[in-house]
Amino acid sequence: MSRIRVVLADDHAAVREGLRLVLEASGAISVVGEAGDGAEAVRAAKRLRPDVVVMDVRMPQLDGIAATVEVLADTDAKVLVLTTFDLDDYVLGALSAGASGFLLKSASGTELVAGVRRVAEGDAVLDPAVTRVVVDTIRARPATARPDLDDLTDREREVLGGLGAGWSNAQIAKRLQIGEATVKTHVSRVLMKLGVQSRVQAAVLAARAEVPMP
């Protein structure tokens, strides 16, 4: 199988070197480029067309959230945000920008490799601490109009409930007793019908609409 192609974006060279060593030691990932600021990350993503960009949040020139927006607009790469910061504004900003995942830099090497793999496969990745921030923030905000789920089929609602629970495609497939390929098709349709870019954004809508787990 071909290796997952990754671009690392962090303004500290030592951090990038450490990440490169961890990811490439897995044997499943190749770091094809590095960037020291957000603008450089966007250029690298456009030029190298990686599968995943591992993106820091606080960087010069262009921050990671703005860079995520540009990367997703101009390439097919997925973005995994990796940062020391777990403040609400950073988390929600990154997820609203369309990032497929958010891990803290305190994550282990195993968790980082698994996160890159899951994002490359189309799954979402959220650090447990980040998940709590998202859920607590949604609950604390004033009630807003719930998203319209009328266009979703019963099966698509079940899949959305699985996304809201933070389940992977494999977990949803096992729970619903269907194939992973079928789950991927349902997820694509759910994203299209809800008008969102990522599984994480769909999960936020699921929480807001209080869609039950299947």
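Contact means that heavy atoms lie within 4.5 Å of each other. Helices (H or I, at least four residues) and strands (E, at least two) are DSSP runs, numbered from the N terminus.

This is a predicted model, in which local features need pLDDT of at least 70, side-chain atom pairs count only at pLDDT 80 or more, and totals for chains, interfaces and linings use all residues. Residues are numbered from 1 along each chain as its sequence is written, and side-chain values use heavy atoms, with hydrogens and water left out.

**Exercise 1. The helix pair**

Find which residues of H1 meet which residues of H5, and describe how the two helices pack.

*Step 1.* Locate the helices: H1 covers 13-25, and H5 covers residues 109-120.

*Step 2.* Look at the contacts. From H1 come Leu19, Val22 and Leu23, which meet Gly109, Leu112, Val113 and Val116 of H5.

*Step 3.* Recall how such a pair is described: by the angle between the helix axes and the distance between the axes. Axes are lines fitted to C-alpha atoms, for helices over the stretch in contact, and angles run from 0 to 180 degrees between N-to-C directions.

*Step 4.* Here the angle is about 70 degrees and the axes of H1 and H5 are 9 Å apart. H1 is therefore roughly perpendicular to H5, a label for angles of 65 to 115 degrees (under 35 is roughly parallel, over 145 roughly antiparallel, the rest oblique).

**Exercise 2. The sheet**

Work out the order of the strands in the sheet, and say which strands lie at its edges.

*Step 1.* Begin with the inventory: the protein has ten helices and six strands.

*Step 2.* Trace the open sheet, whose six strands follow the order S2-S1-S3-S4-S5-S6 with parallel pairing. Strands S2 (29-35) and S6 (125-126) are the edges, each pairing on one side only. Two strands pair if DSSP finds at least two bridges between them.

*Step 3.* Add the helix that packs on this sheet. H2 (residues 38-48) touches S1, S2 and S3 (52-55), and its direction makes about 135 degrees with that of S2.

*Step 4.* Follow the bridges from S1 onwards. S1 and S3 are parallel and share four bridges, with alanine 9 opposite methionine 55 in S3. Another four bridges join S3 to S4 (residues 78-83); there valine 54 has leucine 80 as its bridge partner, and methionine 55 stands opposite valine 81.

*Step 5.* Finish at the S6 edge. S5 (residues 101-104) is joined to S6 by two bridges, and phenylalanine 102 has leucine 126 as its bridge partner.

**Exercise 3. Covered parts**

Is S3 covered on one face or on both, and how many residues of H10 are buried?

*Step 1.* Fix the terms: buried means under 20% relative accessible area, exposed over 50%, and partly exposed in between (1.4 Å probe, protein chains only).

*Step 2.* Check S3. Val52 and Val54 on one side, and Val53 and Met55 on the other, are all buried, so both faces are covered. In S4, five of the six residues are buried.

*Step 3.* Turn to H10 (residues 199-209). Nine of its eleven residues are buried, so the helix is largely enclosed by the rest of the structure. Among them are Arg199, Gln201 and Leu205.

*Step 4.* Compare with the whole chain: 49% of the 214 residues are buried.

**Exercise 4. Aspartate 10 and its loop**

Where does aspartate 10 lie, and what does aspartate 10 touch?

*Step 1.* Aspartate 10 sits in the loop between S1 (4-9) and H1.

*Step 2.* At 2% relative accessible area, aspartate 10 is buried.

*Step 3.* Leaving aside residues up to four places away in sequence, aspartate 10 touches Val15, Arg16, Ala35, Gly36, Asp56, Met59 and Lys105. A polar atom of its side chain also lies 2.9 Å from the backbone nitrogen of histidine 12.

**Exercise 5. Positive phi in two loops**

What are the phi values of arginine 49 and glutamine 177, and is each residue buried, partly exposed or exposed?

*Step 1.* Arginine 49 belongs to the loop between H2 and S3. Its phi is positive, about 50 degrees, although arginine 49 is not a glycine. With a relative accessible area of 46%, arginine 49 is partly exposed.

*Step 2.* Glutamine 177 belongs to the loop between H8 (169-176) and H9 (180-194). Its phi is positive too, near 60 degrees. At 74% relative accessibility, glutamine 177 is exposed.

Notes
Polar contact = N/O pair within 3.5 Å; in protein donor to acceptor, adjacent residues only side chain to side chain.
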